[in-house]
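Welcome, and please open the structure in your viewer. We will go from stop to stop, with something to select at each one.

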Amino acid sequence: MSSDNHPIALSDALASFDALWSPRIVTRVNDYDVRVAKVEGEHLWHAHDDTDEFFLVLDGELHISLREPDGERTVRLPQGAVFTVPRGTEHKPYAPSGAAILMFEPTGTPTVGDRHDEIPDHVDSTTGHALDT
């Protein structure tokens with residue numbers, strides 16, 4: 001992440017890495033990270049016990065399956081859509097055709113949440129990587 005407080009083009013940030021499900025921190029707002037990620041295929045079922053998780057789809061389409069008190073449902077987020085997963089809600093993001101997303105969550109929040117299924121090899125368990133600019 002750049003510490004010299006210059007504008008960051010999200011297209012440049014996304015072009016700087018190829019890894020899937022491996023977010024890069026583009027900036028911080030108070031105690032929150034703004035992260036971008038390239039995603040394709042399935043993530044894993046997980047939950048963040050103490051924080052909501054905000055998603056903005058920059059490109060492509062993201063699906064998020066949710067396990068809620070009334071049962072399981074899936075939301076589909078086309079490019080430009082935003083969605084917030086409430087804290088404590090088990091969810092599984094997936095992008096059948098690939099997507100680029102922006103997430104907003106407290107600094108130090110692990111990508112696999114506080115509770116999760118076994119982590120597959122293609123998912124990076126991280127609190128976000130610095131952006132190489």
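The tour below starts with the whole chain and then moves to single residues and their surroundings.

**The whole chain**

Keep in mind throughout that this is a predicted model. Begin with a cartoon view of the protein, which has one helix and ten strands. If you follow the chain from the N terminus, the order of the elements is α-β-β-β-β-β-β-β-β-β-β. Now colour by accessibility: of the 133 residues in the protein, 43% are buried.

**The loop after the helix**

Select W21, in the loop between helix 1 (10–15) and strand 1 (24–29). Is W21 buried or exposed? W21 has a relative accessible area of 6%, so it counts as buried. Look at its backbone too: the phi of W21 is near 55°, a positive value in a residue other than glycine. As background, most residues other than glycine have a negative phi.

In the loop between helix 1 and strand 1 you can also pick S16. S16 is partly exposed because its relative accessibility is 34%. Add D132 to the selection: 116 residues separate S16 and D132 along the chain, and their C-alpha atoms are 6.8 Å apart.

**Charges over a ring**

Next, show the side chain of F17 together with those of R24 and K38. R24 lies over the face of F17, 4.4 Å from the ring centre. The charged end of K38 also sits over the ring of F17, at 5.4 Å from its centre.

**A second positive phi**

Move on to N30, in the loop between strand 1 and strand 2. What is the phi of N30? The value is positive, about 55°, although N30 is not a glycine. With a relative accessible area of 74%, N30 is exposed.

**The aromatic pair**

Now display the aromatic side chains. How many aromatic pairs are there? The count comes to one. Select Y32 and F104 to see the pair: their ring centres are 4.9 Å apart and their planes lie at 10°, so the rings are stacked. Y32 belongs to strand 2 (residues 32–42) and F104 to strand 8, so the pair ties together parts that are 72 residues apart in sequence. Y32 is partly exposed, with a relative accessible area of 33%. F104 counts as partly exposed as well, at 30% relative accessibility.

**Inside the protein: the cavity**

Time to look inside. For orientation, rolling a probe the size of a water molecule over the atoms shows where empty space is left. A search of the whole structure finds one cavity of 30 Å³ or more, and the volume of the largest cavity is about 120 Å³.

Which residues lie nearest the centre of this cavity? Select W21, H43, E53, M103 and T111, which have that place among the 13 residues of the lining. Strand 2, strand 4 (53–60) and strand 8 are the elements that give two or more residues to the lining. Strand 8 supplies the largest share, with four residues. By type, the lining residues divide into eight nonpolar, three polar and two charged. You have already met W21, the buried residue with a positive phi.

**Two loops on either side of strand 4 and strand 8**Select D49, which is placed in the loop between strand 3 (46–47) and strand 4. D49 counts as partly exposed because its relative accessibility is 33%. Now add P86 and draw a distance between the C-alpha atoms: D49 and P86 are 37 residues apart along the chain, with a separation of 9.2 Å.

Then go to G88, in the loop between strand 7 (82–85) and strand 8. At 35% relative accessibility, G88 is partly exposed. Its partner to select here is D52: G88 and D52 are 36 residues apart in sequence, and from C-alpha to C-alpha they are 7.9 Å apart in space.

**Last stop: T109**

Finish at T109, in the loop between strand 8 (90–106) and strand 9 (115–116). T109 has a relative accessible area of 7%, so it is buried. What does the side chain of T109 reach? Show the backbone of P106, and you will find its oxygen 2.6 Å from the T109 side chain.

Note on methods
Residues numbered from 1 in each chain as written. Predicted model: local features only at pLDDT ≥ 70, side-chain atom pairs only at ≥ 80, totals over all residues. Heavy atoms only, no water. Buried < 20%, exposed > 50% of the residue type's maximum accessible area, 1.4 Å probe, protein only. Polar contact = N/O pair within 3.5 Å; in protein donor to acceptor, adjacent residues only side chain to side chain. Phe/Tyr/Trp six-rings, centres within 6.5 Å; stacked < 30°, edge-to-face > 60°. Lys NZ or Arg CZ within 6 Å of the ring centre and 35° of its normal. 1 Å grid on protein atoms, 1.4 Å probe; cavity = no way out; pocket = protein on both sides within 12 Å on 5 of 7 lines; lining within 4 Å. Points joined across faces, edges and corners; volume = space filled by probe spheres on them. Nonpolar A, V, L, I, M, F, W, Y, C, P; charged D, E, K, R; others polar.
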